[in-house]
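Here are a few exercises to work through with the model open in your viewer. Try each task before you read its solution.

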Amino acid sequence: MHNTIAVAMSGGVDSSVAAWLLRQEGWETAGVTLRLFQPEDLAPGRGEACHALQDAEDARAVAAQLGIPHYTLDLSDRFAQCVMDPFAAEYEAGRTPNPCVVCNRTIKFGALLEEADKLGYPLLATGHYAQVERDESSGRFLLKKALHPEKDQSYVLWSLTQAQLARVRLPLGRLSKEEIRTIAQEHGLVSARKRDSQDICFVPDGDYAAFLRHHTGREYPSGPFLDTSGNVLGTHQGIIHYTVGQRRGLGVSSSQGRLYVQQVRPEDNAVVLGDNASLFRRTLTARELNLIPMERLEAPLKVWAKVRYRMAPQPAVLEQTGPDTARVTFEQPQRAITPGQSVVFYDGDLVVGGAVIQRTLDF
């Protein structure tokens, strides 16, 4: 059983090549594809933008090409409970969630690991671009950036626990996208020329508001746009339409020049607007802290941190303030630190950990 592994196969080129590489290395491999939602779970008219059925067929076809068993697991109930419901609740609370982080922790490296184990596959591989190593001195499993930074996905993997990392293999961590495409094309994998997916899987057209109204069955009333002094500037279309830093789609003019969302306040159904300079903050608090190389921090730690997937890490000081809470202070103010998003900490290529942004302290 030591060389037996399941591969999460989405039907895309990355997971297909991950399975091919493991077969080349002599692993006894099976492909597993997840059914995470039903067509009726999507907002009306969005089904055509979702390619879940075709993706599942492509995964099955690649498994057949590789001569490995293929399983399809229906985790739609668990996905709705662990990912969709919290996604909606966070938006209703005025925050902007990252459902991919939650899905990785609870579904792809949570429920899927459990199901793979039942099938007789104690280890799990995925097509994520990152690396997992074991630190021989401490015995802990470490998460590191991918060798090629332009494809690194460690930002969405920060919440994985030691128990999960111990059972995970990431075969693509040292390969470039070009190398992945070449392997797929040279070996005739049916997914070789598929485009990468860009959107959240259950919001394939990017219309979060339409999904939220459909999922919750609720309408979200209009309310006031306020400036930072509390003056009414106009009327918004419902708080679920807005996130910190947003400029487009506001429909409000001001003598101050361009306006940006500063706060989303569900308690009084208000959206606060201000200028770009007002978006910069140095300090944030965070919850759901997960540290990877160590159990906890006994003293403040200098790290490189980022508050969005597509940004360069910035120097900061990380302090653990409770069992799962933290304070992060950047050397320089950062733009649009957004409650609900992830702050992830690095030491070079090593992922120190991460947390969910709660609020900024210097607003």
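**Exercise 1. Find the salt-bridge partner of Arg 134 and say how exposed each of the two residues is.**

Keep in mind that this is a predicted model. Start with the side-chain nitrogens of Arg 134 and look for a carboxyl oxygen within 4 Å. You'll land on Glu 136, with the closest N and O atoms 3.1 Å apart. Next, check accessibility, where exposed means over 50% and buried means under 20%. Arg 134 has 44% relative accessibility, so it counts as partly exposed. Glu 136 reaches 62% and so counts as exposed.

**Exercise 2. Do the same for Glu 288 and for Glu 319, then look for a salt-bridge network.**

Glu 288 pairs with Arg 287, at 2.8 Å from N to O. On accessibility, Glu 288 is partly exposed at 32%. Arg 287, at 19%, falls under the 20% cut-off and is therefore buried.

Now take Glu 319: its partner is Arg 327, and their closest N and O atoms are 3.7 Å apart. Both ends of this bridge are partly exposed, Glu 319 at 24% and Arg 327 at 30%. As for the network, salt bridges with shared partners link Glu 90, Arg 95, Arg 105, Arg 287 and Glu 288. Searching the whole structure gives 16 salt bridges.

**Exercise 3. Which residues have the most contacts inside the largest nonpolar core, and which element gives the most to that core?**

Begin with the general idea: in soluble globular proteins, nonpolar side chains tend to be buried together. Here the largest core has 51 residues, and Leu 34, Phe 79, Ile 107, Leu 157 and Phe 202 have the most contacts inside it. Then ask where the core residues come from. Elements that supply at least two each include the helices α3 (76-92), α4 (99-118) and α7 (208-216), along with strands such as β2 (28-35) and β17 (350-360). The biggest giver is α4, with eight residues.

Zoom in on Leu 157 as a last step. Skip its neighbours within four places in sequence, and its contacts are Asn 104, Phe 109, His 128, Ala 130, Leu 143 and Leu 170. Apart from this core there is another one, of 27 residues, with Val 17, Ala 19, Leu 21 and Ala 192 among them.

**Exercise 4. How does α3 pack against α4: roughly parallel or roughly antiparallel?**

Two packed helices are described by the angle between their axes and the distance between the axes. For α3 and α4, the angle is about 170° and the axes are 10 Å apart. An angle over 145 degrees counts as roughly antiparallel, so that is how α3 and α4 run. To see the interface, show Arg 78, Phe 79, Cys 82, Val 83 and Phe 87 of α3; they meet α4 residues including Val 102, Cys 103, Thr 106 and Ile 107.

**Exercise 5. Work out how α3 and α7 are oriented, and what helps to cover the buried residues of α7.**

The two axes come within 10 Å and cross at roughly 110°. That makes α3 roughly perpendicular to α7, and the crossing is left-handed. At the contact, α3 residues including Met 84, Phe 87 and Tyr 91 meet α7 residues including Tyr 208, Phe 211 and His 215.

Next, list the buried residues of α7: Ala 209, Ala 210, Phe 211, Leu 212 and Thr 216. Their cover includes α3. Finally, look just past the end of α7, where Gly 217 adopts a positive phi of about 70°.

Conventions:
Residues are numbered from 1 along each chain as its sequence is written. This is a predicted model: local features need pLDDT of at least 70, side-chain atom pairs count only at pLDDT 80 or more; totals for chains, interfaces and linings use all residues. Side-chain values use heavy atoms; hydrogens and water are left out. Buried means under 20% relative accessible area, exposed over 50%, partly exposed in between (1.4 Å probe, protein chains only). A nonpolar core is a set of buried Ala, Val, Leu, Ile, Met, Phe, Trp, Tyr and Cys residues joined through side-chain atoms within 4.5 Å. Helices (H or I, at least four residues) and strands (E, at least two) are DSSP runs, numbered from the N terminus. Contact means heavy atoms within 4.5 Å. Axes are lines fitted to C-alpha atoms, for helices over the stretch in contact, and angles run from 0 to 180 degrees between N-to-C directions. Angles under 35 degrees count as roughly parallel, over 145 as roughly antiparallel, 65 to 115 as roughly perpendicular and the rest as oblique. A crossing is left-handed if the near helix is turned anticlockwise from the far one by less than a right angle, and right-handed if clockwise.
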